[in-house]
Amino acid sequence: MGLMLGSRPPPHKSAAAGLSTRWVSCFCIASFCFGVLVVNRFWALPDPVKLDETLSGEKQQSREVQPAVKCENKASLKNDMLRASLPLLISLGYFLCCRRRLWSRQGTSFLKFLRHMTTLDKTISSLEMQLSAARAVKAEEEESPVITKPGNEQSSKRPKVFFVMGIITAFSSRKRRNSIRETWMPQGEDLKKLEKEKGIVIRFVIGHSATPGGVLDRAIEAEEEQHKDFLRLNHVEGYHELSSKTQIYFSTAAAKWDADFYVKVDDDVHVNLGMVGSTLARHRSKPRVYIGCMKSGPVLAQKGVKYHEPEYWKFGEEGNKYFRHATGQIYAISKNLATYISVNRHILHRYVNEDVSLGSWFIGLDVEHIDDRSLCCGTPPDCEWKVQAGNPCAASFDWSCSGICKSVERMEEVHQRCGEGDGAIWHTSF
């Protein structure tokens with residue numbers, strides 16, 4: 001639409017400009033041709049036979065007279081060349097001047113045309129990506145339908161929101177979920193209000209057990225009936241399946257909501273929603289961003305240790321480090337990257353560590369890595385000092401525990417000492 005609106009001048013100006021351009025071009029060409037004719041007329045080369053005779057006659061003259069004659073002939077020839085070249089130089093100069101004037105008139109319009117073409121190309125690329133995502137979602141639904149209950153089918157049109165935050169949780173983490181519900185996550189009508197007024201969607205993300213419909217699944221269904229804050233995945237839960245779960249989460253969330261950003265957070269991390277929203281809003285205009293606390297830890301080849309990497313040999317010699325990637329406690333990706341994961345989910349390789357897997361999916365892509373340290377503050381007193389300075393952290397956890405140590409017991413304390421205030425999210429504009 002940008003190409004069609006505002007790029008074409010009014011009709012009467014266009015016609016006048018086109019007529020003037022044609023006449024100036026014709027006049028320049030005519031001037032050039034005239035100069036060539038003048039040169040051909042006045043700069044006639046002597047006949048070869050007469051030239052030979054002249055040279056033969058000159059050889060018979062005395063050596064004293066010969067130099068003077070030659071100099072005189074050279075001077076005469078030089079003057080003739082200058083006189084004959086003058087019309088050509090004038091015509092050529094005028095021609096170049098005309099072309100320069102034409103370019104100065106058309107240059108601005110041409111640059112506008114290039115800008116419109118660039119905008120149109122980006123729009124087409126975005127539409128192609130959305131179409132590919134829609135096809136991928138449809139194929140996924142045909143292969144393995146998402147878990148839904150009768151009368152709870154998904155709408156064909158995705159709601160437009162600011163960001164979706166998926167809190168990765170497990171069947172055994174009921175107390176962790178409650179600690180979050182009692183602190184930084186709104187509940188009931190406030191959760192719906194947050195989605196409607198601020199465009200912020202928050203859900204606990206979980207799949208199903210190895211025996212769907214068993215006691216574990218029934219417990220989650222009862223909890224969902226009470227709180228209405230789950231996103232169920234077509235995924236078999238398991239600690240060593242976190243990379244697969246993360247991939248399915250982004251694909252499912254992108255299919256359900258049209259968001260600017262998709263956030264993943266663990267269920268033992270404290271989050272200040274207002275600060276997270278402000279952080280993401282600063283990068284809203286960028287097409288492909290990957291936001292988190294970037295790190296490059298060692299590739300652990302030794303078996304039996306935590307975070308052992310079975311495919312360590314792919315990262316070079318033993319003792320090497322991983323490429324830069326966001327730590328797994330919390331990170332965010334923009335819509336185009338979530339769509340990319342959804343479209344290519346069948347061929348994206350999954351390493352044992354989900355944060356490494358996500359970082360590897362963006363290697364070779366034109367992705368901007370945003371290293372934001374407010375997403376990895378420590379627990380009190382670290383985050384407390386920053387609150388007192390008027391700069392609350394977006395997220396807090398303990399590096400030693402890869403989350404808040406004893407989060408069930410300490411989440412309330414961290415919230416009281418490091419929270420931005422329960423009303424901050426409602427007074428923050430994005």
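## Rings, sheet, core and charged pairs in a predicted model

A search of the whole structure, which is a predicted model, finds 12 aromatic pairs. One of these joins Phe-162 and Phe-430, whose ring centres lie 5.2 Å apart and whose planes meet at 40°, so the pair is tilted. The two residues come from distant parts of the chain, since Phe-162 belongs to strand S1 and Phe-430 to the segment after helix H13 (424-427), with their positions 268 residues apart. Phe-162 counts as buried at 2% relative accessibility, whereas Phe-430, at 28%, counts as partly exposed. Another tilted pair is formed by Tyr-249 and Phe-250, with 4.9 Å from centre to centre and 45° between the planes, and both of these residues are buried. Ring pairs also link Phe-162, Phe-163, Phe-261 and Phe-430 into a cluster.

### The sheet and the helices on it

In what order do the strands of the open sheet follow one another? Seven strands form this sheet, in the order S3-S2-S1-S4-S7-S6-S8, and their pairing is mixed. Strand S3 (230-236) and strand S8 (368-371) stand at the edges, where each has a single partner strand, so one side of each is left without a neighbour in the sheet. From one strand to the next, the twist averages 25°.

At the S3 edge, strand S2 (residues 200-208) pairs with S3 in the parallel sense over four bridges, and Phe-204 has Phe-230 in S3 as its bridge partner. Helix H5 (residues 189-198) lies across strand S1 (160-168) and S2, and runs at about 125° to S2. Helix H9 (residues 335-343) also packs on the sheet, where it touches S1, strand S4 (258-266), strand S6 (289-295) and strand S7 (325-334), and its direction makes about 100° with that of S7.

### The nonpolar cores

The largest nonpolar core has 44 residues, and those with the most contacts inside it are Phe-163, Met-165, Trp-184, Ile-202, Val-271 and Leu-280. Several elements give two or more residues to this core, namely S1, H5, S2, S4, helix H8 (273-281), S6, S7 and helix H12 (407-418). Helix H5, which lies across S1 and S2, is thus found again among the contributors to the core.

Which residues does Trp-184 touch, not counting residues up to four places away in sequence? They are Met-165, Ile-167, Val-269, His-270, Val-271, Leu-273, Met-411 and His-415. A second, separate core has 28 residues, and Leu-231, Ala-253, Ala-259 and Met-294 are included in it.

### The charged pairs

Side chains of opposite charge can pair when their charged atoms come close. The structure holds 28 salt bridges, and the table sets out three of them.

| Salt bridge | N to O distance |
|---|---|
| Arg-176 and Asp-268 | 3.7 Å |
| Glu-223 and Arg-177 | 2.8 Å |
| Lys-192 and Glu-189 | 3.9 Å |

The side chains of Arg-176 and Asp-268 meet in a salt bridge, and this pair links distant parts of the chain, with Arg-176 in helix H4 (residues 174-181) and Asp-268 in the loop between S4 and strand S5 (270-271), 92 residues apart. Arg-176 is partly exposed, with a relative accessible area of 30%, whereas Asp-268 counts as buried at 8% relative accessibility.

Is Glu-223, which forms a salt bridge with Arg-177, buried or exposed? Glu-223 is buried, with a relative accessible area of 2%, and Arg-177 counts as buried too, at 1% relative accessibility. Glu-223 lies in helix H6 (residues 215-227) and Arg-177 in helix H4, so the pair ties together parts that are 46 residues apart in sequence. Both residues also belong to a network of salt bridges that links Arg-174, Arg-177, Arg-181, Glu-223 and Asp-229.

The pair of Lys-192 and Glu-189 lies within helix H5, where the two residues are three positions apart and are therefore separated by about one helical turn. Lys-192 counts as exposed at 53% relative accessibility, and Glu-189 likewise counts as exposed, at 57%.

Technical notes:
Residues are numbered from 1 along each chain as its sequence is written. This is a predicted model: local features need pLDDT of at least 70, side-chain atom pairs count only at pLDDT 80 or more; totals for chains, interfaces and linings use all residues. Side-chain values use heavy atoms; hydrogens and water are left out. Two strands pair if DSSP finds at least two bridges between them. Axes are lines fitted to C-alpha atoms, for helices over the stretch in contact, and angles run from 0 to 180 degrees between N-to-C directions. Contact means heavy atoms within 4.5 Å. A salt bridge is a side-chain nitrogen of Lys or Arg within 4 Å of a carboxyl oxygen of Asp or Glu. Buried means under 20% relative accessible area, exposed over 50%, partly exposed in between (1.4 Å probe, protein chains only). A nonpolar core is a set of buried Ala, Val, Leu, Ile, Met, Phe, Trp, Tyr and Cys residues joined through side-chain atoms within 4.5 Å. Rings of Phe, Tyr and Trp (its six-membered ring) pair if their centres lie within 6.5 Å; planes under 30 degrees apart count as stacked, over 60 as edge-to-face and the rest as tilted.
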